[in-house]
Structure formats: C-alpha cells, structure tokens
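Visitor: I'm just starting out with structures like this. Could you take me on a close look at one part and tell me what there is to see?

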Amino acid sequence: MLRHGYRLYIVLFFVFLAAPLIAAGLFAFNDSLFPVLPWRGFTLDWFFNDTEPKLGMFHDRRLLRGLYYSFVIASFVAMLSVFVGTCNAFLFVRHDFPAKNFFYILMVLPLVIPGVILGISILAMASNIANSVERSMGIDLELLRPGIFLVVLGQFSFITTITSLIITARLKKFDTTMEEAAYNLGASKARVLRTITLPFLRPAMIAGAIVAFLVSFENFNTTLFLVGSEAPLTITMYDRMVKVGSTPVLNAVSFFLMLGSALLALISVLVQRDNKS
Amino acid sequence: MAGSRAKDAKKLALILLFTPFALWITLLILLPHVGMMVLSLKEKVAPRVYEYGFDNYINFAQEPIYWNTLLRTGSVSLLVTLLALLIGFPVAYYIAKIAGNRTKGALFLLCLIPLWVSDLIRAFGWILLLRETGVISSALQASGLIDTPIEFLYNDATVIMGLVYTVVLFMIVPLVSTLDGMDNEMIEAGYNLGGNGFTVLRRIIIPYAMPGIVAGCIVVFMLSAGSYLTPILLGGKNSSWFTEQIYDQFISRYNWESGAAFGFVLLVFTSLVVWLGLKLSGQTLSSTVAKS
C-alpha cells in the first residue's frame, strides 16, 4: 500500500513537471486564433503560414531576428565561458596559491547573486565609464551602452561559474600518471596538453558549452537590463506576450525551442556516455 | 638550474591562468558591485549635481510599501524553499535509493527537462492551463463540475506553486548527488538496531543528506527571491515582488541611485538569510554550494 502510494506520488510529480510544457507545446498545432480549448483540428500554420492573421513563426520577421540575436549572443557566451572555465579548472586543480579557498568561493559566488542585480550593476558601471569618457574626451563609446556586447558580458559573468564547475569536476578525475608517462617518453608540455589532457577534458568542455549556450538562450533577468535595440528571443517573446497577449505563434516558438533543447541535451548525454566506455 | 627553470615555468603558468579569472571576477563582479554601492549613496540635488549620503536608504526605510515588499518576497521565498524541500526530498530519495539502475538515469534526466526550457515558456504554459479561459477551467466546465469559468491566475497560491515548479529541480539535483553517496547498509543497520522508518529518516538519512539539503535550500532561496518572470506573469501587476520594484526604479522611473540602493538591500537581505541558514545548520558555503 505504502509502496504504491509512493510510486503514485512520483508519477504525479512528473505529471506536474510536464503539464505546462505540454500545454505550451501542444497549442502550436491547434487550428485556432487563440491558444485555448476546444481543439479545432491539427495545423502547421503557426509555423509555416505566410499571411496574417495566422502568421507562422518562420515568416515572422521580429521573432526570426530575435532568434538570430539569441543565437549570436549564446555562441559568444558559450565560447568565452568555456575558455575561462577551462583556465579556472587548471588554476584550481593543478596549482596552489595563497587564499585558494577564498578565491574558489569568489568563483562560485556569481551563481548565488540574483540575476537582476548582476544586470543592474553591470549596466551602471558600463554607463558610468561611457559617460565619463564622453565628458572628458568627447568620444561616445557605443560598446558600453545597452546592446549585444553588454548582454554577452552580463550572461558570461555568471555562466562562467557553471562551466568552471563542470570542467573542474572532470579535471579532478584525471589520472596524472598518464601525463608523467608521456613526459618520461620525452613529450613536451604543449604536446602533452594537446594530445592527452585536452582530449580527456573534451566531453566536459562540450557539455559545458551546451549548458552555457542553453542558459544564455533562456536568460531573461540579467538580459532585461542590458538589452538594446537588438533584442534576443526571450525578450521579443515577453514583449509580444505583454503587448499582444498570448497567441499560438508563441506556442510554435516554444515547441521549436523545446525541440532544440532536447536535441542539445541528447548530444551532451551522448558525448558524456561515449567517454565513459 | 633545471629545477629553478621548472619552477619559473610553473609560476608563469599560474600567472597566465590567474589572469582571466582575475579579470572576470574583478571587472564583472567586484567592481560593478562596488560601483553599485557608490551609486546607491549618491543623491541628485540639482541636475548634474550629486551629494553623498544615505538618503536613498532612508527613503526605502520610510516607505512601508518598499520594505513590506521586501519582507513579502523574503517570507514567500522561504515558504517556497520549504515546499521545494518537502516535495523534492521524496523524489530525490526515490531516484537515489529505490529506483533500479536503469530507471534511475532516466528519472534523473526527466527531472532536468524543465531546466532546458526557459522560465518564460514554463510560465506561459501555466498561464494557458490556469487562466479563466484556460485548459483546467474549460475542462471543469465541460465535465459539469462548475458553471462559470474560474480564474486560477493572479493569486498568491498560484505564484507560490509557479515558483516551486521553477526551482524544485535545483533542490532535487544536489539531494540526489548526496544521497547517491550514502551506503545502503547505513539504512539497513538503522532498521536492524530497531529503528522504525521515521527514526531512520530523522537520525540517519537527514543528517547524512544535510550538505545537499543546505546547498539546495540556498540555491532555491536565492533563485526564488531573485526571480522576476514567474511572480509577474502568474501574479499579475500586483504581485509585489521586490525585483519588480528594482525594475520600476531603474527602467520606469529612471532613478538609478534609488534602484541601486534597492538592489543592494536585496543583496544584503538575501545574503543575511543564507548566512543565518548556514549558521543554524552548522554548514559552510564551501561544504555545500561550492562542493556541488
């Protein structure tokens, strides 16, 4: 009895987890102008139709532009945060230096600072620098005004913690005798790094890049304060939701994003499994 | 000589590796926060003329709406943390200790699915389910249980449910990883010594899982107190969440000085709660969050 109750609880929990995602995805295929019941038949118009009022997502200029900006931002964030994350992993696993524990806590800290605060503090600092440069030299530093560059910096500031933790965990498992053997055989430092250590880290670096890409793609709180005229997808969707209300085209975008995430998740699982065997 | 050269190389590597770390933490975390603190102590007395003082904080303290919102954000977040722990713990325990090896991985992945979907889409899904014309209301009408549509959105219970939904997996993940490391024999020994299920849970399992519980609670509390989308979309205009006040000061009123003060208040308040939680549970930041 107790056992069945427990199992039922687990099932209910997963129904709870899935319910809003199913609702968000399913209404993309309902042949209606609003994402509500009753079901009026299956359609792909909200993806591919090219005329109003049922303008599909692949013909909606603003959504496509948002998707493009999100992609650009997420790619930069993923590259930068994996690079710094890898450096951090070597720094904390391979080296000893004074106050190491303190610096390690500093590294983890960005993860527990609310995203809104990261956003406003970076915005305030960038504007401050841009204003004083403009006043003293008369140059307008466009780069430090809200826009893609600041969004990338803002997201990078906390996503780097995530990639550092992922790559550090992997580097800790590395058997250093493998490197020593290579040195004994006369290999140079650079060569050992390139042919032994980095290939060992590759699955974690790929997984870190995927997680960074997704977290960047989804981010809203930090981005909200740093965004300029090039709005990424989440901001565009939020705008649409507030101004137009819910329309099935948002369901179509949701479905598309869930599909993309599922694909990336699958890749990261495969990459990590590949390495275990 | 060779030894000292190797030492020099090691030193050079340390400096090269430390540089990106130092640039990242100094330029994007420490300096902006110091800047925010300085900004929050400024006050505009005339166009382009500023004076330093605590006026922004005094304004905050004198306006009950502001600190009521802060207290509300804090207490609701604590409730969300507690609920996430109560709901998440059995799930984590099931995944770590009861499920077979094969289902274990699958269940763990299922838990992570919401993580791969943005906050916005999750909140959007809840809106479609819960609003007056939503799925649940129309299903209840169709089944004849109710006559008129019911609005499930825009109340505190829905906001709390939505927040628990968004954060619960950050509770489950650290719990699964600590419970995973626990030897099953410890639980068996507890039963053999005559303990019942409740004593074993209280005396053996919970103390063992404490680092995971604390880590989960810290992350969940911070995420909840810092969240913006879920309270606004599910709670409506009057959700009175503190991040909304910060946005209001910064973007709508363009009063950056006061917005920075609000941001700082939120940061200090949440850090204090986390510090208190660590003290009460006898854990440290490095034994919990930094470990996972």
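Guide: Let's look at chain A, and then at the place where it touches its partner. Please keep in mind that this is a predicted model. If you follow chain A from its N terminus, you meet one α element after another: there are eleven helices and zero strands. How spread out is chain A? Its radius of gyration is 23 Å, whereas the globule rule gives 19 Å for 277 residues, so chain A is more spread out than a compact globule. You can picture its C-alpha atoms filling a box of roughly 70 × 70 × 40 Å along the principal axes.

Now for the inside of the chain. Of the 277 residues in chain A, 41% count as buried. The contacts tell us about the fold too: among those in chain A with a separation of 6 or more, 75% are between residues 24 or more positions apart.

Next, turn to the side of chain A that faces chain B. Here 59 residues of chain A are in contact with 58 residues of chain B. Which helix of chain A gives the most to this side? That is helix α1, residues 2-26, with eleven residues. Sorted by class, the side of chain A that touches chain B has 45 nonpolar and 13 polar residues, along with one charged residue.

To finish, a glance across at the partner: the domain assignment of chain B gives domain 1 (1-40) and domain 2 (55-287). The centres of these two domains of chain B, taken over C-alpha atoms, are 34 Å apart. Their contact takes four residues from domain 1 of chain B and seven residues from domain 2 of chain B.

How values were computed. Residues numbered from 1 in each chain as written. Chains lettered and ligands numbered in written order. Predicted model: local features only at pLDDT ≥ 70, side-chain atom pairs only at ≥ 80, totals over all residues. Helix = DSSP H or I, 4+ residues; strand = E, 2+ residues; numbered from the N terminus. Rg over C-alpha atoms; globule rule 2.2 N^0.38 Å. Buried ≥ 20, exposed ≤ 12 C-beta atoms within 10 Å, placed from the backbone. Contact = placed C-beta atoms within 7 Å. Nonpolar A, V, L, I, M, F, W, Y, C, P; charged D, E, K, R; others polar. Domains from an automatic or database assignment.
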